[in-house]
Amino acid sequence: MLSLVIRGFMQRKLRVALTAIAIALGVALMAGTYILTDTINKSFAGIFSVANKGHDVVITPTEALGRNTRSQTSPITEQMLAQVRATPGVAEAAGSIFTPGTFLDVHGKRLTNGGAPAFIASETPKRFESFKPVQGRFPLTAAEVAIDEQTAKRHNLKLGQQMIVAGSAPAKSYTIVGITRFGGGESFGGAGAAILTPAEAQRVVGLPGHFDQIDVAATPGVTANDLRNRIRLILPATVEVRTGAQQAAKDTSDLEHNLGFLRTFLLVFAYVSLVVGAFIIFNTFSITVAQRTREFGLLRTLGGSRGQILQSVVYEGLMLGVAGAVLGLLGGLVLAPALNELFKAFGAELPHSGTVVESRTIIVSLAVGIVVTLFAGLPAALRATRVPPLAAMREGVEIPPAVRTRRAIVIRAAIGIAVLLVLRLALGGGVGLTALAIILAVRIVVVARRVRRGTRPRRYRVVPALARVLGLLVSWRGVTGQLARENSIRQPGRTMITAAALTVGIALVAFVAVLADGTKATIDRAVSRSFAGNLIVENSQSGNNEQGIPALVAPALRRVPGVKGVTPIAFTQGRVRGTSNNVTITAIDPRSFEQVYRVEWKKGSNATLLGLDSSGTVLTKAYAESKHLEVGRSISVLTPTDKHVSLTVLGIASDNARLLGDLTIGLPLAREAFGQRDDALAFVSYAPGASNAQVQPAVNRLLAANFPQTRSRTAAQFKQDQSNQINTLLALIYVLLALSVIVSLFGIVNTLILSIYERTRELGMLRAIGTSRRQIRQMIRYESLITALIGGVFGLVIGVVGALLVTSLALSESGFVQSIPVGTLVILLVVAAVAGLLAAQLPARRAARLDMLRALASE
Amino acid sequence: MSGAAAQSGSEKLVEARDVSRRFGEGEAAVDALADVTVAFPSGRFAAIMGPSGSGKSTLMHILAGLDRPTAGAVLVGGVEITALGDRELTQLRRDRIGFIFQTFNLLPVLNAQENILLPLSIAGRKPDREWFDRLIDTVGIRDRLTHRPAELSGGQQQRVAVARALISRPAVVFADEPSGNLDSKASNDVLELLRNAVDDFGQTVVMVTHDAHAASFADRLLVLADGRIVHDGDSVTSGEALDLMKSVG
């Protein structure tokens, strides 16, 4: 039997190849994701081990709120450094600065590093220093800087030139005296680093007397562990004390955590492609089993058992799965660097040296590829076992349907419910799951009623109807168009599954497009409604809330002529006692906020804001409701600096613009108790009579001179920025979803080739009675076009309805504005049509090439 | 003249008792077979003739266990096969029944030798080398063993199919219009082969045909019309068979 399967394989190379590719693309994305993230991980692990080399003990701020929640104000002080130095067993200890900053050339143009972050660093003693000068030296005065080699190369910086470094202090120009190289390799994970003298670095990042980190070396004979324990005893809980090895492990684990998001993001698209691939395999197997009815019948008359038939088809699936998975794994090797390029193109460069293929990558990719193929082929294999031996004798013997006994239905229902329960445990509810449960319940009832009445389902009314309507598009082309239309209706089930593969991709694109359009509209409306000022000042690397703008910006802006009011806004986080998740916190200036922002009060009024000066807080309606909090209640909040503050709820507000976090507090409290030094934004309002044409240029001049990392935006510009950001993300998602659309194209090609093979005789007849090759090609192309458009229309409907449903069920509370991007959807339909025509190229040529006489003679 | 065609002295290898077969339901129902009782002793070559729609193919399908009668019983080697499940029927086809089809039905991906041995590989048995040699010499395709069906003429393909039917030494070979797709020369060769199988190997053969010439190779001729046996007698010449057919057609 196995040899029979292998022979069959060799005979149907094209089909096998097309089907294998269907599964291989999904596996490739999966393998590529693992390879890329593993490679990034390993590159960083190398960087971290170099960065922590020579460090016996490392002291860093405690992350009171969990990973990535460092306060902006480091608790590490000069005094702590003195204490450490005085500890027996310490050979050397040094404090250092390593904080994100902005580099610019003398004209104020950003020296970007392809989206990678840039850091302001301080020189450390030689034994701790990870950078070494390849040209020049480290800075000696407060007017000198050493820049990393990669940034220097990229922007052609030379020793002796000037460059600007901007942090929390007003920007200042420095003379480049050194070009440095990171010890581990040519770059510090793609990031830029400007090294200043320690005192200057502290001043620039706004941390005089503080350090981001203290590095400690032990005297000979003292182990790192012993020294760590000694230092731990003398320092407060606001700092962590780790050995160098522990710190490297912690850095690596942080990174892995952050990359986890990227991995999951990419894997989602891999799974989408695999689902589409499964559709295609299901369809291909169903068609080939139907075509081989006679062969299975023959095997049965010659004494083949049902088990043997099942085996032969399952073997075929197994071989196909192995071929597809191996192909996919190899594809992953190619795709991993391509994915990296993709992220680079979207402004996120990540270091990757070498290619890391973990055994996990191989095992998971192969297993997923094979299992998906096997399961997708199983229904067809089971169907093949029902081919009666009589099929060997006669043409057109139908495969009897599976017996739908009461027991079979109970078993199926049980499996369905079990799957739902597992999903429920794994995902924890959600709208989609509820919908799934309802669909399942309806299905069970329908099938049960059908069995009781002994009727068979009436199937496929939508597909033929849709095909007839879409067929109008081509039927004006005469008989070829009409034949194409009829052919697409002939086997509605087959057309539907072929189209369904395309539907998945199109539906997801439509879903995302509607969601994105709604998000844009929501932001637009929220900004128009809530923002009452004239300008928004933000970090010019748009979306960079992490760096924000120096706190000095707001007071400086107040002195610009024509400016009436400036209100700074900062973001931080905290954890309310008795809860396990962090809350987002917005800090505002209680006195000036109402001048530029319209708060939609549920409880309270603008006067309430004045209470934020001390220990008051305003909650969003959503948060207050979810935690059953009322005005007057008191809550205790843990801050990033590991302090507990007690806040009284003074008011509750709605905010569709999402400027206000779960909690809103006063800026003074944020600075003092949360360690928040920088602001995220500053809202500017003009004095009566002042025109934007005068004031904005003045504001821009001030910003360019002192805070070149910031920029001012009018409300219209701000909306445009937001919309651009969404478009960028959207483009990335489209690129990744395109893979699943490509997979579905292979499905259309496959189905067409198989249908043509089936209709060899008919095509021969058409040629015999005078149809030209051109007309044959046209007919096949139209059929493909109709199939693709059916998939496209279904996809659009499912995507749009799904998105509207989700937004009205889940987001209606938050004031989400639904909006349908008609233009995008039309383009999507055109893409589906073009895809269909493209897919038909090869099959159409094959059909036209058929030798007329042989086609007629074929059985 | 329905009823048993008693062939005393021989065991009844294949036997149908009051077999009826109805297709469809209600008003559209068609009785393909009506109370047919017939027995086939071993070592004989029987031909079943009849016009289109007479039920001859249905009778063969039912005798071979490919189809089930609406009423009545079929026995093969004394075992009632109408009561058997799929597993036992599969076993029966493996061990006791051989098939020859009008359209040859060779697997295009296998060569001639592999096609001949297919029933044995399905059953997981080792071929009897001597028997295989004798068969391929008998059917005369020794020099074509490595050829694929597409590289063989129709006559050669059918001879491969005959060898395939005989390779497992079945108790009975059912042949469905074995000469229907062949020219007269190839047709004679194949029918001669079947005749020899009966004479030399003692093979039992039941053949369905509408060709009077083909029927003249058999020992016994049954004629069906409208689902009933209307003639059951010894072999006749093709001319007499033609007359018989005209009388019922």
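A residue is termed buried if 20 or more other C-beta atoms lie within 10 Å of its own, exposed if 12 or fewer do, and partly exposed in between, with C-beta atoms placed from the backbone. The structure on display is a predicted model, in which local features need pLDDT of at least 70 and side-chain atom pairs count only at pLDDT 80 or more, while totals for chains, interfaces and linings use all residues. Residues are numbered from 1 along each chain as its sequence is written, and chains are lettered from A and ligands numbered from 1 in the order in which they are written.

**First selection: Val537 of chain A**

Select Val537(A), which counts as buried because it has 25 C-beta neighbours inside 10 Å. Val537(A) sits in strand β15 of chain A, residues 535-539; here helices (H or I, at least four residues) and strands (E, at least two) are DSSP runs numbered from the N terminus. Now show its contacts, a contact being a pair of residues whose C-beta atoms, placed from the backbone, lie within 7 Å. Leaving aside neighbours within four places in sequence, the partners of Val537(A) include Ile549(A), Val553(A), Leu557(A), Leu681(A) and Leu703(A). For a sense of distance, add Ile280(A): its C-alpha atom is 52 Å from that of Val537(A), and the two residues are 257 apart along the chain.

**Chain A as a whole**

Widen the selection to chain A, whose secondary structure comes to 25 helices and 24 strands. Of its 859 residues, 47% count as buried. Among the contacts of chain A between residues at least 6 apart in sequence, 83% join residues at least 24 apart.

**Two helices of chain A**

Select residues 244-291 of chain A, helix α7. Its 48 residues reach 67 Å from first C-alpha to last, close to the 70 Å expected at 1.5 Å a residue; the expected span is 1.5 Å times one less than the number of residues. Centre the view on Leu259(A), where α7(A) has a kink of about 30°, the bend being the angle between axes fitted to the seven residues ending at a residue and the seven starting there.

Next, select residues 822-849 of chain A, helix α24. The 28 residues of α24 should span 40 Å at 1.5 Å a residue, and the end C-alpha atoms are 41 Å apart, which agrees. At Gln841(A), α24(A) bends by about 40°, and a proline, Pro843(A), follows within four residues. Buried residues of α24(A) include Leu825(A), Leu828(A), Ala832(A), Ala835(A), Gly836(A) and Ala839(A).

**Where the chains meet**

Show both chains together: 18 residues of chain A are in contact with 19 residues of chain B. On the chain A side, the elements that give two or more residues are α1 (2-11), α8 (293-301) and α9 (306-345). The largest share of that side, 4 residues, comes from α8(A).

**The nonpolar cores**

A nonpolar core is a set of buried Ala, Val, Leu, Ile, Met, Phe, Trp, Tyr and Cys residues joined through C-beta atoms within 7 Å. The largest has 193 residues, and those with the most contacts inside it are Ala510(A), Ile48(B), Val162(B), Leu194(B) and Val206(B). Helix α2 of chain A, residues 13-51, gives the most to this core, with 20 residues. Select Val162(B) to see its partners Ile100(B), Val139(B), Val190(B), Leu193(B) and Leu194(B), not counting residues up to four places away in sequence. A second, separate core of 104 residues includes Val58(A), Ala201(A), Leu663(A) and Leu669(A).

**Chain B**

Isolate chain B, which has 8 helices and 10 strands. Its C-alpha atoms fill a box of roughly 50 × 45 × 40 Å along the principal axes. Of its 249 residues, 45% count as buried.

Select Ala218(B), in the loop between α7 (212-215) and β9 (220-225) of chain B. Ala218(B) counts as buried, with 26 C-beta neighbours inside 10 Å. Apart from residues up to four places away in sequence, Ala218(B) touches Phe45(B), Ala46(B), Ala47(B), Met207(B) and Ser235(B).

**Last selections: two positive phi values**

Asp18(B), in strand β1 (residues 12-23) of chain B, has a positive phi of about 50° although it is not a glycine. Is Asp18(B) buried or partly exposed? With 14 C-beta neighbours inside 10 Å, Asp18(B) counts as partly exposed.

End at Glu177(B), in the loop between β7 (172-176) and α6 (184-201) of chain B. Its phi is near 45°, a positive value in a residue other than glycine, and Glu177(B) is buried, with 20 other C-beta atoms within 10 Å.

Key:
Contact = placed C-beta atoms within 7 Å.
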